[in-house]
Amino acid sequence: MKEELLVGKGILWVLFWVGFMLLYTALDVGVWRKIAPTYAKYLNLFSIILCMVVFLILLTRKNHFKINLFQNISVQGILLAIGCAALFYFILDKGLDPVFEKIFPASEESYQQTLESLSSSPIISLIRVCVLAPVIEEILMRGFLLDGLAGKYGKVIALLVSAFFFALLHFNMVQTLSAFICGIVLGLLYLHTGSIFCCMLAHIGYNLISYIAMILPMYRKP
């Protein structure tokens, strides 16, 4: 029988992960950049991976939650994931994001500063944005939160709650609005396929397409 999850407990675990995010950010800004600026980006990557591992160990042990990463993988699911990745890029990056940027210019300026910081260490940023973030977010938001809430409150409520908190994790209005849409689609993908792997593939694919599209023009500038 599927483990049911109370919404309050689910929110606490999301906030717990936010705490880990604040921890590795504080270590990067307050410690690594001061004591070892040359190696700060590598130490930060190590901190992120360590926080992910510790969080996932706690999440699985405290909730009797199993990460069935390779369960329910199918050719149809993989094709749907690839299609979602492309759909996200054209609908969000090329369609809605420019509209959101005009509505929230302050958020857009902050977003551009983030892009510039990513371009300063492209390989490290690629690992963070296109691998680590999708892995932890899909396990937490789809595998744990959506799946658990669906057993208690039904699929619609679970879908909306998981998408809402997925959006909040992005801390920027331009990204948050797009992330909510992504959260809905990724949630539907999970409900249809039952596969965390397919959700990760869609998420990684979208982030990778967006990352390449954003970074390449910066290296073409004279």
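How many helices and how many strands are there in the protein chain? In this predicted model, the protein chain holds eight helices and zero strands, so that, by the DSSP assignment, the order of elements from the N terminus reads α-α-α-α-α-α-α-α.

Of the 222 residues in the protein chain, 43% are buried, and the area that the chain exposes comes to about 11,900 Å², with carbon and sulfur atoms supplying 70% of it. Among contacts with a separation of 6 or more, 79% are made by residues 24 or more positions apart.

One helix pair can be described in detail. The axes of helix H1 (residues 7-35) and helix H5 (residues 122-153) come within 10 Å and cross at roughly 170 degrees; an angle over 145 degrees counts as roughly antiparallel, and H1 and H5 are therefore roughly antiparallel to each other. On the H1 side, Val7, Gly10, Trp13, Val14 and Trp17 take part in the contact, and they meet Ile136, Leu140, Met141, Phe144, Leu145, Leu149 and Tyr153 of H5. By class, this contact of H1 with H5 comprises 11 nonpolar residues, one polar residue and no charged residues.

Confidence remains to be considered. The average pLDDT of the protein chain is 89, and 88% of the residues score at least 70. The two extremes among the elements, by mean pLDDT, are listed below.

| Helix | Residues | Mean pLDDT |
|---|---|---|
| H2 | 40-63 | 96 (highest) |
| H4 | 105-119 | 63 (lowest) |

Where pLDDT is low, the predicted coordinates should not be read in detail.

Note on methods
Residues numbered from 1 in each chain as written. Predicted model: local features only at pLDDT ≥ 70, side-chain atom pairs only at ≥ 80, totals over all residues. Heavy atoms only, no water. Helix = DSSP H or I, 4+ residues; strand = E, 2+ residues; numbered from the N terminus. Buried < 20%, exposed > 50% of the residue type's maximum accessible area, 1.4 Å probe, protein only. Contact = heavy atoms within 4.5 Å. Areas by Shrake-Rupley, 256 points an atom, 1.4 Å probe, with all protein chains shown as cover. Axes fitted to C-alpha atoms, helices over the stretch in contact; angles between N-to-C directions. Parallel < 35°, antiparallel > 145°, perpendicular 65-115°, else oblique. Nonpolar A, V, L, I, M, F, W, Y, C, P; charged D, E, K, R; others polar. pLDDT = per-residue confidence, 0-100.
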